[in-house]
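Please study the structure shown below and work through the exercises that follow it. Each task is accompanied by a solution in steps.

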Amino acid sequence: MAEKKLELKNKRFTGPFTLIISVVVFYLVVKIMCRSLYSQMVVNMALVFCLVAYSVSVMLGMCGELSFAGVAFMGIGAFTIANLTTGRFGFKISPLGAFLVVIPVATFIAFIIGLILLRLKGTFFSFSTIALVQVAYTFFNNYRPLFGGVDGISGIPSVRILGKQLTNHYLWFPYLLVFVVFVGLVVEHIRNTQLGRSMASCRDNETAARVLGVNVYMTKVIAFTISGVLSAMGGALYSMLIRYASADMFTYDTSAKYLIMAMFGGVQSTIGAFIGALIVQILPQVLKVFQRYFQLIWGVSIILLMVFMPEGLTGIFRMALKRRKSRKKGRISVIQEKGEE
Amino acid sequence: MTLSLFVSLFVDGLSMGMIYALLGMGLILLVRAVGILNFAQGDLLMIGAYICGCLFLDLKLPLWIMFPIAIVWFALIGIIFMFTVYWPLRKASYSQATIIATMGASIVLQEAVKLIWGSSPRAMPAIVQNANGSPKILNVGQVTLPIQYLIILGVGMVIIYLVLKLFEKLYVGKLMQAACQDAYAANLLGIPSILTICATYAIVMIVCGTCGYLVAPQFMIRSTLGTLQLRAFAGVVIGGFGSITGAVIGCLIVGVVESFSTLFLSGYKDVTVFLLLIIFLVLKPTGLFKGKIGDKA
């Protein structure tokens, strides 16, 4: 008993500590490794896409519904930023102010769409989200007054934080890192709240959840809204980073990438989404020789992932940990038995 | 709108709707047999188009030799597809794994086709053509009807009739249906569920491949043919879950609506289909027809 208490205390103490240490180590490693602006850009993109991977993790990992809608919400976020900051409505807001506008806009739209689409279940819901992505793309590509049509919207001004103009990717990096880690903590927190537990119950056994008084439909709608907002933030940052927004950044084909990011790291864990986003984004740059075959390799790797490690990297890690623990426990019980003899 | 325009748009829509209906029927067959939705359905169609193109354009086989060979290929590909994307995953820890695997398969098929045949689309001649190689067109009064559309309608109806007959009248079909409804009990009764699943995949691939051959003259043989599946999905949802007739009728509705919407909003073709879907979701979320096995999806 006393040991357990000590362990708990330790965990409370070491949790934030290891987090800060690992963030700082990650920061330093990137700072040392990224000698060129291009490689820094790749890492920044990975951090932005990490937000979208979080959204997959919320919807698929916590709630058990496969949604492709992330790309559509990214588009909504990006075009909101583009419209508000370039003065297409007759007024201009600073990019950070526009970023704050994105959140309520995305919440509202995601909530309404969630109310409609979640009347469907399982796979039928999944492909209704594909239809949503397709429709959003059609609008982005054709409707000029809001989305700029085929040309997209360029000329998004650079962001100003704490009196500093973020003109290149080196300057962006620390802010992005802090923001992504912060959002990750929020997502991790959701997992441990009542909402997170009701989502998990919807995922594991819907009937049982309903018997226990969980409003399954509403829980899923809320999860959809959260994931929509996360994606919209990702899209907004994406457009702020490359200072441009156009329809072909948000096609259905790209949505597979975000799914792989979340699946690769492990869809049930927040850290998994982070690691997956980094790997999926950086690996193609390292293996540039195979560029022609890359899409093919992605496809094959999705199938292999699903066959051999559906829980992703963190799943494997967790399993190894469990095995080690049980082995240790086994040894202890053997010793205890011997003592009793 | 004149009557002739109306009729030609209607036939156009019906023929596209028939293609969606065949895809949708395949989807329903798979949902019933193994309980998963196939996100590579459109890509199976594309593979069918490419195989027919290879046999017809590269090897220059006549139609009556080409078709049996193509069907054998389709059946083989269907079975390979089943053993790579479904069989290793049938005991996966969560049900989305199989669906995501079919998405992976869709990417693999598209890329493989691009690597083998190049990314530029290939032209496919229509089945019935004039002397100069242009597709033959039937003129009835003022109405112009491309013969290809009529062939699509005819072949589609024959295929749907055959599949319905197979499942309702033949002994094999009954075995397959039994294995769909309760694989465990069917196994106890001595029905090999692996064979019935294989057969289902082969049939689905044959249907999709034939569709590919039929649409190839209109859309050309290209790697993006897979996007046709989105309309088939919409049609299946509109028609109802798990019922073949429902899916067929839903898909026909989608085809006709899409065809008429090109007249008014050419850029927003997908939007009208999706709006139709939303209206159905709000008003009648169970679809037009209730399925025999509704819970599986």
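The exercises below concern a predicted model.

**Exercise 1. The fold of chain B**

Task: Describe the secondary structure of chain B, and determine how its radius of gyration stands against the globule rule.

Solution.
Step 1. Chain B contains eleven helices and two strands.
Step 2. Along the sequence these elements follow the order α-α-α-α-β-β-α-α-α-α-α-α-α.
Step 3. The globule rule gives 19 Å for 297 residues, and the radius of gyration of chain B is 19 Å, close to that value, so chain B is as compact as a globular protein of that length.
Step 4. Along the principal axes, the C-alpha atoms of chain B fill a box of roughly 60 × 50 × 35 Å.
Step 5. Of the 297 residues in chain B, 48% are buried.
Step 6. When contacts in chain B between residues at least 6 apart in sequence are considered, 74% of them join residues at least 24 apart.

**Exercise 2. The largest nonpolar core**

Task: State how many residues the largest nonpolar core has, and identify those with the most contacts inside it.

Solution.
Step 1. The largest nonpolar core has 188 residues.
Step 2. The residues with the most contacts inside this core are A:Cys50, A:Ala53 and B:Ile19.
Step 3. Helix H1 (residues 3-34) of chain B provides the largest share of the core, 16 residues.
Step 4. Apart from neighbours within four places in sequence, B:Ile19 is in contact with B:Ile152, B:Cys211, B:Leu214, B:Val215 and B:Leu228.

**Exercise 3. Where the chains meet**

Task: Characterise the side of chain B that touches chain A by its helices and by its kinds of residue.

Solution.
Step 1. The contacts involve 37 residues of chain B and 30 residues of chain A.
Step 2. At least two residues of this side of chain B come from each of helix H3 (63-86), helix H4 (96-117), helix H9 (228-239) and helix H11 (269-283) of chain B.
Step 3. H4(B) supplies the largest share, 13 residues.
Step 4. By kind, the residues on this side of chain B are 30 nonpolar, five polar and two charged.

**Exercise 4. Two helices and their buried faces**

Task: For helix H13 of chain A and helix H5 of chain B, compare the end-to-end distance with the expected span, and locate the buried residues.

Solution.
Step 1. Helix H13 (residues 294-308) of chain A has 15 residues, which should span 21 Å at 1.5 Å a residue; the end C-alpha atoms are 20 Å apart, which agrees.
Step 2. The buried residues in H13(A) are A:Gly299, A:Ile302, A:Ile303, A:Leu305 and A:Met306.
Step 3. Because the buried residues of H13(A) fall within an arc of 160° when seen down the axis, they line one face of the helix.
Step 4. The cover over these buried residues includes helix H11 (252-265) of chain A, as well as H3 and H4 of chain B.
Step 5. Helix H5 (residues 147-168) of chain B, with 22 residues, reaches 32 Å from its first C-alpha to its last, close to the expected 32 Å.
Step 6. In H5(B), the buried residues are B:Gln148, B:Tyr149, B:Ile152, B:Gly156 and B:Val163.
Step 7. The arc that they cover around the axis is only 95°, which puts them on the same side of H5(B).
Step 8. These buried residues pack against H1, strand E2 (143-146) and helix H8 (193-219) of chain B.
Step 9. On the face of H5(B) turned away from the buried side are the exposed residues B:Gly154, B:Val158, B:Tyr161, B:Leu162, B:Lys165 and B:Glu168.

**Exercise 5. Buried or exposed?**

Task: Classify A:Val133 and A:Ala320 as buried or exposed, and describe the setting of A:Val133.

Solution.
Step 1. A:Val133 lies in helix H5 (residues 122-142) of chain A.
Step 2. Because 25 other C-beta atoms lie within 10 Å of that of A:Val133, this residue is buried; the cut-off is 20 or more.
Step 3. Leaving aside neighbours within four places in sequence, A:Val133 is in contact with A:Phe68, A:Ala69, A:Val71, A:Ala72, A:Tyr252 and A:Ser255.
Step 4. A:Val133 and A:Ser255 are 122 residues apart along the chain, and their C-alpha atoms are separated by 9.0 Å.
Step 5. A:Ala320 is found in helix H14 (residues 312-340) of chain A.
Step 6. A:Ala320 has 10 C-beta neighbours inside 10 Å and therefore counts as exposed.

Definitions and conventions. Residues numbered from 1 in each chain as written. Chains lettered and ligands numbered in written order. Predicted model: local features only at pLDDT ≥ 70, side-chain atom pairs only at ≥ 80, totals over all residues. Core = buried A, V, L, I, M, F, W, Y, C linked by C-beta atoms within 7 Å. Buried ≥ 20, exposed ≤ 12 C-beta atoms within 10 Å, placed from the backbone. Helix = DSSP H or I, 4+ residues; strand = E, 2+ residues; numbered from the N terminus. Contact = placed C-beta atoms within 7 Å. Rg over C-alpha atoms; globule rule 2.2 N^0.38 Å. Nonpolar A, V, L, I, M, F, W, Y, C, P; charged D, E, K, R; others polar. Expected span 1.5 Å × (residues − 1). Arc of directions from axis to C-beta.
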